[in-house]
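Colleague: I should like to go through the reasoning behind the assignments in this model. Please set each value against its cut-off before you conclude.

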Amino acid sequence: MSNTHKQIGFTIVELLVVIVVIAVLAAVMVVTYSNIQGRARDSRRLSDMNAITKALEIYKQQNGDYPAAVGSTGNGGWEVSVPTASNSDFLAVLRTSGVISQVPIDPVNTGDMLTTGSKLYAYYRYPAGYLGCDASHGSFYILIARTGDASTTSSSTRPFTCGTYGASGWWQTGRYAN
């Protein structure tokens with residue numbers, strides 16, 4: 001007879017190593033999933049901005065100029081997609097004129113323009129020559145999206161700058177009327 005016993009099972013060290021490996025993999029998966037969600041929201045924002053830009057161009061063709069911003073309280077006259085019961089007030093003129101059936105709003109859509117970390121869309125039409133922009137181009141609009149998810153810049157948006165205007169930390173686009 002032999003005194004050797006065959007050991008069945010795992011040692012504490014082996015179990016701890018397996019638990020640590022599983023914890024590291026879970027942490028990596030959570031971070032990856034979080035980044036994927038942020039990129040998905042950013043992709044939707046780009047798509048929404050393109051849809052709003054197209055609707056604004058159609059409106060301009062039908063009416064000769066871009067719509068004036070209705071303005072929301074506390075946002076300096078900018079029309080913003082603030083959280084409301086229906087969000088049907090953001091660029092409602094595009095809906096009521098039949099240009100677009102529903103104006104897109106930010107997937108997160110929180111706060112207002114003055115609150116750090118807010119995520120929203122904002123629109124404003126400036127008069128010709130405002131902020132030192134070339135007056136011969138006529139009035140112009142600015143459409144911006146505050147993101148804060150996967151990135152703060154995008155090569156897919158056309159930055160609009162003129163004179164002293166240029167928002168940092170926002171995706172922005174815009175066009176002159178002429």
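Colleague: Why is the contact between Arg 45 and Asp 106 called a salt bridge?

Modeller: In this predicted model, the N to O distance between the two side chains, Arg 45 and Asp 106, is 2.5 Å. The cut-off is 4 Å between a side-chain nitrogen of Lys or Arg and a carboxyl oxygen of Asp or Glu, so the pair qualifies. The two residues lie 61 residues apart, with Arg 45 in helix H1 (residues 12-63) and Asp 106 in the loop between helix H2 (92-96) and strand E2 (120-126).

Colleague: What makes Arg 45 count as buried or exposed?

Modeller: The relative accessibility of Arg 45 is 0%. Buried means under 20%, and therefore Arg 45 is buried. Asp 106, at 2%, counts as buried because its value also falls under 20%.

Colleague: How do you know that Glu 57 and Arg 175 form a salt bridge?

Modeller: Their side chains have an N to O distance of 3.3 Å, and this is within 4 Å, so the definition is met. The pair links distant parts of the chain, with Glu 57 in H1 and Arg 175 in strand E4 (residues 170-176), 118 residues apart. Glu 57 is listed among the buried residues of H1. Arg 175 has 26% relative accessibility; because this lies between 20% and 50%, Arg 175 is partly exposed.

Colleague: What makes Arg 125 and Asp 65 a salt bridge?

Modeller: The closest N and O atoms are 3.5 Å apart, and the 4 Å limit therefore admits the pair. Arg 125 belongs to strand E2, whereas Asp 65 is in the loop between H1 and strand E1 (79-80), 60 residues away. Arg 125 has a relative accessible area of 26% and Asp 65 one of 23%. Both values lie between 20% and 50%, so both residues are partly exposed.

Colleague: Which residues do salt bridges with shared partners join into one network?

Modeller: The network consists of Asp 42, Arg 45 and Asp 106. By the same rule, the count of salt bridges comes to five.

Colleague: How do you know that the reach of H1 is close to the expected span?

Modeller: H1 has 52 residues, and at 1.5 Å a residue the expected span is 76 Å. The first and last C-alpha atoms are 76 Å apart, close to that expectation. Just after H1, Gly 64 takes a positive phi of about 85°.

Colleague: Which elements do the buried residues of H1 pack against?

Modeller: They pack against H2, E2, strand E3 (140-146) and E4. Among these buried residues are Leu 46, Met 49, Ile 52 and Leu 56.

Notes
Residues are numbered from 1 along each chain as its sequence is written. This is a predicted model: local features need pLDDT of at least 70, side-chain atom pairs count only at pLDDT 80 or more; totals for chains, interfaces and linings use all residues. Side-chain values use heavy atoms; hydrogens and water are left out. Helices (H or I, at least four residues) and strands (E, at least two) are DSSP runs, numbered from the N terminus. Buried means under 20% relative accessible area, exposed over 50%, partly exposed in between (1.4 Å probe, protein chains only). The expected span of a helix is 1.5 Å times one less than its number of residues. Contact means heavy atoms within 4.5 Å.
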